[in-house]
Amino acid sequence: MENLLRPLIVVGGSVVLTLFIGWATDRLLCKADERHPETSLWGLLRRGRIPYQLVLCAALLRGSFDRAEVLQGNVVGVGRVLTLVLIGAAAWLAIRIAGAIVETSYTRYARVHHDAARVRRVRTQVSLIMRVVSAVVGVVAVAAMLLTFPAFRAAGASLLASAGIIGIVAGVAAQSTLSNMFAGFQIAFGDMVRIGDTVVVDGEWGTVEEITLTFLTVRTWDERRITMPVSYFTSKPFENWSRGTPQMTGIVYWHVDHSAPVQAMREKLRDILRECPAWDGRAYGLDVTDTTPNTMQVRALATAKDADDIWTVRVTVREQMVRWLAEEHPYALPRVNTADALLPPNRANGRVPGGIAPQRRAHDSPRVDR
């Protein structure tokens, strides 16, 4: 009976104590979250309750397993397994706590500062910092796990002795990866591109959705994802429509007949923009920018607060202006002239310079408007 009760008390007591401490800690975090609604730290710390309970349970079992007097022939192996679980759970808990602190700091910063560009910059930097912290904690945890095995301790001296050669070989082999990692830091702290920026890369318009140490994801307007190495943004030119300020000026072109009522088009543009919610009211204009033998080019300018609204303004102005011209001024639309050309004055009188009458050809005919 003693051989049965002893392991049951040790293992069961460790599990029950772990559940009780975890429940009590979770209740304290809930009360702290209710008392301090201005910060989300206490609510975010609750995400770490699972690794927290694993740390407690592994620590309690690791300290009391010897008294259970079970698996006497495998005490070393069971102890090593519990140690590995303890190290892994502690690393997991550290990452969760760091994530909660960083996310709380970013939320507080975003609440205080209303500059969207600065907020996106801090968000990008915080995201990359969290990835670096997670990678460092993971590497340290793996190293600690390996050091629990005697064979790796014995090989430590030889590994350190050859660290220089291994470093050179690894640097040459991972040259592309390292360049992307340094490019990621350059993007994060050089303020070149941020999460949420509107960019144009390789002719594709989209929004930066994710930035990691090695790659960057752009979500296009049709919900596709373009993934490219971060080194692309440090070695090739690209358009960033959100850098500095998200406000933009949109351009709409029309090709109309020379007789088009330009002043009436200016007034119609003003009326269209006043009824368009996406127009921010900063500026607008309409000018003739070019002419051809058959048409003239008219350009309209309008402003909006960001790239999404400027797209709405452009398509609205283009559609309603063409509809208005077709209904109110159809003569202003481009036409193909199919009438015969007017003859010069001397040719029209049947005379040409020098007094020589021109010969009438069979296909010459009076001008007919079609």
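The legends below describe close-up views of a predicted model.

**View 1. The largest nonpolar core of the predicted model has 27 residues.** Trp-254, Met-265, Leu-286, Val-313, Val-317 and Met-321 have the most contacts inside this core. Two or more residues each are given to the core by strand 6 (248-256), helix 11 (262-274), strand 7 (279-291), strand 8 (296-304) and helix 12 (307-328). Helix 12 supplies the largest share, seven residues. In soluble globular proteins, nonpolar side chains tend to be buried together.

**View 2. Surroundings of Val-317, one of the core residues with the most contacts.** Residues up to four places away in sequence are not counted here. Beyond them, Val-317 touches Val-252, Trp-254, Leu-269, Ile-272 and Leu-273. Trp-254 is also among the residues with the most contacts inside the largest core.

**View 3. A second core, separate from the largest one, has 16 residues.** Among them are Leu-128, Val-199, Ile-226 and Phe-233.

**View 4. An open sheet of three strands has the order 6-8-7.** The pairing in this sheet is antiparallel. Strand 6 and strand 7 are at the edges, and each has a single partner strand, so one side of each has no neighbour in the sheet. On average, neighbouring strands are turned by 20° against each other, with direction ignored. Strand 6 is joined to antiparallel strand 8 by nine bridges. Gly-250 is positioned opposite Ala-302 of strand 8.

**View 5. Helix 11 and helix 12 pack on the sheet.** Helix 11 touches strand 6, strand 7 and strand 8, and its direction makes about 155° with that of strand 7. Helix 12 likewise touches strand 6, strand 7 and strand 8. The direction of helix 12 makes about 20° with that of strand 6. Both helices are among the elements that give two or more residues to the largest nonpolar core.

**View 6. Thr-198 in strand 1 (residues 198-201).** Thr-198 has a relative accessible area of 9% and is therefore buried, the limit being under 20%. Neighbours within four places in sequence are left aside in what follows. Thr-198 is in contact with Trp-205, Gly-206 and Thr-207, and also with Glu-239, Asn-240, Trp-241 and Ser-242. A further contact of Thr-198 is Ala-307.

**View 7. Phe-20 and Trp-23 form a tilted aromatic pair.** The whole structure holds two aromatic pairs. In this one, the distance is 6.4 Å centre to centre, with 35° between the planes. Both residues belong to helix 1 (residues 2-35), where they are three residues apart, about one turn of the helix. Phe-20 counts as exposed at 52% relative accessibility, and Trp-23 is exposed with a relative accessible area of 54%.

**View 8. Trp-279 and Tyr-284 form an edge-to-face aromatic pair.** Their ring centres are 6.0 Å apart. The pair counts as edge-to-face because the planes stand at 80°, and the class needs an angle over 60 degrees. Trp-279 counts as buried at 18% relative accessibility, whereas Tyr-284, at 39%, counts as partly exposed.

**View 9. Cys-30 and Cys-276 are buried.** Relative accessibility is 13% for Cys-30. For Cys-276, the relative accessible area is 9%. The structure has zero disulfides.

Conventions: Residues are numbered from 1 along each chain as its sequence is written. This is a predicted model: local features need pLDDT of at least 70, side-chain atom pairs count only at pLDDT 80 or more; totals for chains, interfaces and linings use all residues. Side-chain values use heavy atoms; hydrogens and water are left out. A nonpolar core is a set of buried Ala, Val, Leu, Ile, Met, Phe, Trp, Tyr and Cys residues joined through side-chain atoms within 4.5 Å. Buried means under 20% relative accessible area, exposed over 50%, partly exposed in between (1.4 Å probe, protein chains only). Helices (H or I, at least four residues) and strands (E, at least two) are DSSP runs, numbered from the N terminus. Contact means heavy atoms within 4.5 Å. Two strands pair if DSSP finds at least two bridges between them. Axes are lines fitted to C-alpha atoms, for helices over the stretch in contact, and angles run from 0 to 180 degrees between N-to-C directions. Rings of Phe, Tyr and Trp (its six-membered ring) pair if their centres lie within 6.5 Å; planes under 30 degrees apart count as stacked, over 60 as edge-to-face and the rest as tilted. A disulfide is a pair of cysteine sulfur atoms within 2.5 Å.
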